[in-house]
Amino acid sequence: MADRNLTVREAEEEFWNHLEKSNTGMLGLDQPGYHAQPMTAFREQETGTIWFFTRDDTDLAKDAAIGGQSAMFHYGSKDQNVWACIHGELSVHGPDREIIDRYWNPVLAAWYPGGKDDPNLTILRFDAGDGRVWVNEGGFFKFFYEIAKANVTKTLPDAGGVVDVNLQ
């Protein structure tokens with residue numbers, strides 16, 4: 001399907017780089033009937049850790065407090081060039097002032113009236129593991145070009161590459 005083979009290293013780099021640029025995805029426990037929710041991800045590529053800030057009264061925070069919960073992070077980059085589904089372990093971490101200070105920003109501050117010391121501030125730690133990453137380097141216009149070309153030539157479109165990864 002793809003014109004070239006995507007390597008694991010390329011897929012991992014594309015995932016981490018795009019996650020830094022557009023860092024919103026869907027996070028949820030890997031359980032039947034559990035619904036993922038939109039979350040802002042703060043990446044730590046060196047360790048395969050993704051940090052999330054939430055309030056302690058959310059279902060996700062309460063469930064993650066049990067510790068060692070299997071979770072899934074679903075990601076689609078803003079430019080639609082990278083898509084990923086990453087499995088990992090989710091737990092509550094903190095309070096950890098170093099993590100708070102490293103990632104604190106005006107958007108986070110809006111959710112915590114008490115600031116960095118807000119009693120409801122909870123940090124979730126997602127230890128990324130195995131997953132699948134799709135990379136389409138051409139973006140929106142290349143995608144539609146490939147669709148048109150496939151319809152005219154009666155061939156399959158080049159939708160980029162897909163590879164299984166392990167981000168640990």
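Begin with the whole chain, coloured by secondary structure: read along the sequence, the pattern is α-β-β-β-β-α-β-β-α-α-β-α-β. This amounts to 5 helices and 8 strands. The model on display is predicted.

Keep the full protein selected and switch to a surface view. The protein exposes about 9,400 Å², of which carbon and sulfur atoms supply 54%. Of its 168 residues, 40% count as buried. If contacts are displayed instead, consider those with a separation of 6 or more: residues 24 or more positions apart account for 72% of them.

Next, select W83, W134 and V162. Together these residues make a nonpolar surface patch of about 300 Å². Within this group, centre the view on W134, which is found in strand β7, spanning residues 121-135. Is W134 buried, partly exposed or exposed? W134 counts as partly exposed because its relative accessibility is 36%, which falls between the limits of 20% for buried and 50% for exposed.

Now move to S22. This residue belongs to the loop that connects α1 (8-21) with β1 (24-29). S22 counts as buried, because its relative accessibility is 12% and the cut-off is under 20%.

To see what surrounds S22, add Y75, S77 and K78 to the selection. S22 touches these three residues, leaving aside residues up to four places away in sequence. Finally, show the backbone of K78 together with the side chain of S22. Which backbone atom of K78 does the side chain of S22 reach? The partner is the backbone nitrogen, at 3.1 Å.

Methods:
Residues numbered from 1 in each chain as written. Predicted model: local features only at pLDDT ≥ 70, side-chain atom pairs only at ≥ 80, totals over all residues. Heavy atoms only, no water. Helix = DSSP H or I, 4+ residues; strand = E, 2+ residues; numbered from the N terminus. Buried < 20%, exposed > 50% of the residue type's maximum accessible area, 1.4 Å probe, protein only. Contact = heavy atoms within 4.5 Å. Areas by Shrake-Rupley, 256 points an atom, 1.4 Å probe, with all protein chains shown as cover. Patch = residues over 30% accessible without salt bridge, like charges linked within 9 Å, V, L, I, M, F, W, Y side chains within 5 Å. Salt bridge = Lys/Arg side-chain N within 4 Å of Asp/Glu carboxyl O. Polar contact = N/O pair within 3.5 Å; in protein donor to acceptor, adjacent residues only side chain to side chain.
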